[in-house]
Amino acid sequence: MEIKIISAKAHNFKAHRDLTVEFGDTTQITGDNGSGKSTTLELPSWTLYGTDTMGGKLDPTPTNYEYDHVLSETLLDIDGKQVLLGRGIEKGKTTYYINEVPSKAGDFDEIVKSLFDKDLFLSLYNPSYFFTLHWSTQRDLLLRYVTPVSNKEVFTEMSRTIPEQKAKDIELNPQASKLSELVKKHTLAQLGEIHKKNKNDKDTAYKRAQGRTEALVDQLQKLPAAPDDIEAVKAEDAALLEQIKALEAQTDLAGETNRKRTVLSSTIESLQRQIAQAKDRYMKVYNEPIEDHCPTCKRELDKASIDAVTACKETRKDELRADHQKLINERKELETELAAIEPVDISEQISQMRALEVKRDATAEAVGDYALRDRLQADIDKARTDEAETLASRNDSIFVLDAIKAFEAKEAELQAAKVQSLFTTLSISLFKEQKNGERKPDFVIEKDNKPYPILSLSESVRAGLELREVLSEQSGVISPVAIDNTESTFKIKKSSGQLILVKAVEDAPLEIKQIGGESA
C-alpha cells in the first residue's frame, strides 16, 4: 500500500485561520518558532484520529481570536484512489466528513481503520511516535510485520553443529526429531500444556507406584522362607488330606448309626412323658365321684340319670385306657429297635483326625504361603512394570518440555537475529534472560550502545528514521514521513515515501514549498 497526502486544509485550527497545504514528494515547511510549522504537521493526525502527531489528545480550537467553527481536511491518495476526510468542531461537538459528506463517528472511524493501522501509520508518519509506545506494543508492532521463523528453520538450527554445514546434510537431534513429529498434531503451546499436566500427574502417580511396590515387597519379605522341595510338601499335604477324608467317611458312617440311636432314645423319652400324661388323665376320670343330685340346681337325680352318668364315665375311661396302651406299645417297639442297634465308638478315629489335621496345618500353611508368594511376586512384577511405565511417561514429558525450551530459545535467537539483520545502526533486543536461564519477552533499542532515551536529538531522529524505514519495508506500507526540527539534524536520506521537512528559521514567516533532490 502506498499512502500519499495530496493536500491538507485548516479553518480556525489553532493559529491558522485558513490554510491550504499542497504536498509533493518532498515538502519543506519553514518559519520562526510559533509560526504554525508543527501545527501544519498535526492536520493529518488530527483529521484521522483527533490527536497530535505523538498520538496525544489535541484541542485545536483557537485561543487568541474569535471563530465560528473548526475544520481540518486531509486529501489522501491510497494506491491511486483518493479519499477526502474531514474532522471539525461545531458548537462544542465533533463533526465528521467523508468526501465532504457529513458522517457519523462510527462510519468515519470504520473507514479510517479499514485504510491502515493507527500505530503503524503514526509510526511511519512521525519517527518519534514509535518510541512513545509501551515496549510490549513496540515489540508486537515490529514483529507483526516480520515473517516469523519457521519450525523447520528452528529444527534445523537445533541440530546444526557446524555453522558451515548445509541444512540438507543435517540429521535432526533427538529433541528436534521428537518435536517435529509432535507439532504435526498439536501446537507448541498445546504440547506444553499437555506435558506439564502429564508430568505433574505422573510425579504423583510415580510416588504412588513406588509406595505400592515397596508395600508388596515388604509383604513378600515377611513370609516364611519357601521350602526346598515344595512338590514334596504338596504331595505330603495331599496324602494327609486323603487320610483325613477317609477317616471323615468312617466317622460319618458311625455317626449316622449313633445319630439314629440318639433319635430313637429321644423319641422313647418323649413317649415315656406322653404315657405318664395319659395315665394322669385316666386316673383323673377314674377318681371322679358319681353324684346323686344335680351339681347346678341340687335336685336329686333319678336312677336312670345316675346310670347314664355312670355309663359315660366308663366310656371315657375305656378311651383313655386305650390311648395309654397305644403309647406303651409304641415305646416297646422303639425300645426293641434301639436294642437291635449297637453303638459305634469313633473316639479313636476322631483322635486320629485331629492329629492329622494338626500335622496338615503346617503343610497347608507352607503350600498357601508358597501360592501367596507367587501371587505377591506377580503383583510386584506388575507394580514394577507400572512404575517403569509411569516413570517413562514422566521422563518423556520432561524431555518434551526441555525440547520446547530448547526450541523456544533457538527460535528467540533466530528471530532476534532476523530482526537485527533488518537494521544497520540500531541494536534491537527482543528478550531478557532471567536468573533461571529462561528468556522473557523484552524490547530495547540502542544506537551505538546507547538506549534511545539518552540519544541526542540528531541521533534520535536518525534512529527513528531507520526504524520507520524497516517498518515500511516489512509492512509493505509506503507512507509520508514528517521530520520536525531538521535544523538540528544534518543530512537526511530520501525516505521511501513523501518527505515533509520542518525547519525553524529565525524571524521568518511560515513558508511551505515543494523542493526537489534526493536529500535536504
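**Exercise 1. Determine how α8 and α10 are oriented relative to each other in this predicted model.**

Solution. The helices α8 and α10 are roughly antiparallel to each other. This follows from the geometry of the pair: α8 (residues 230–286) and α10 (residues 347–420) pack at an angle of about 150 degrees. Angles over 145 degrees count as roughly antiparallel, so the assignment holds. The description of the packing is completed by the separation of the axes, which are 9 Å apart. The crossing of α8 and α10 is left-handed. By class, the contact of α8 with α10 comprises 13 nonpolar, six polar and seven charged residues.

**Exercise 2. State which elements line the largest pocket, and which residues are closest to its centre.**

Solution. The volume of the largest pocket is about 670 Å³. Its lining has 25 residues, and those closest to the centre are I404, K405, E408, A409 and R439. Two or more lining residues come from each of α4 (135–144), α7 (188–222), α10 and β9 (439–447). The largest share belongs to α10, with nine residues. Sorted by class, the lining contains 13 nonpolar, three polar and nine charged residues.

**Exercise 3. Give the strand order of the open sheet that contains β11, and identify its edge strands.**

Solution. Four strands form this open sheet, in the order β11-β12-β3-β13, and the pairing is mixed. The strands β11 (481–483) and β13 (511–514) each have a single partner strand, so one side of each is left without a neighbour in the sheet. From one strand to the next, the twist averages 15 degrees. At the β11 edge, the pairing with β12 (residues 499–504) is parallel and extends over three bridges. Within β12, L501 stands opposite I483.

**Exercise 4. Trace the pairing from β5 through β6 to β7, and locate the turn residues with positive phi.**

Solution. Begin with β5 (residues 81–90) and β6 (residues 93–98), which run antiparallel and are joined by six bridges. One bridge partner pair is I89 with T94 of β6. The hairpin of β5 and β6 has two residues between the strands, and K91 takes a positive phi near 55 degrees.

Proceed to β7 (residues 101–103), which pairs with β6 in the antiparallel sense over three bridges. Here Y96 stands opposite S103 in β7. The strands β6 and β7 likewise form a hairpin with two residues between them, in whose turn N99 has a positive phi of about 50 degrees.

Conventions. Residues numbered from 1 in each chain as written. Predicted model: local features only at pLDDT ≥ 70, side-chain atom pairs only at ≥ 80, totals over all residues. Heavy atoms only, no water. Axes fitted to C-alpha atoms, helices over the stretch in contact; angles between N-to-C directions. Parallel < 35°, antiparallel > 145°, perpendicular 65-115°, else oblique. Left-handed = near helix turned anticlockwise from the far one by under 90°. Nonpolar A, V, L, I, M, F, W, Y, C, P; charged D, E, K, R; others polar. Pairing = 2+ DSSP bridges. 1 Å grid on protein atoms, 1.4 Å probe; cavity = no way out; pocket = protein on both sides within 12 Å on 5 of 7 lines; lining within 4 Å. Points joined across faces, edges and corners; volume = space filled by probe spheres on them.
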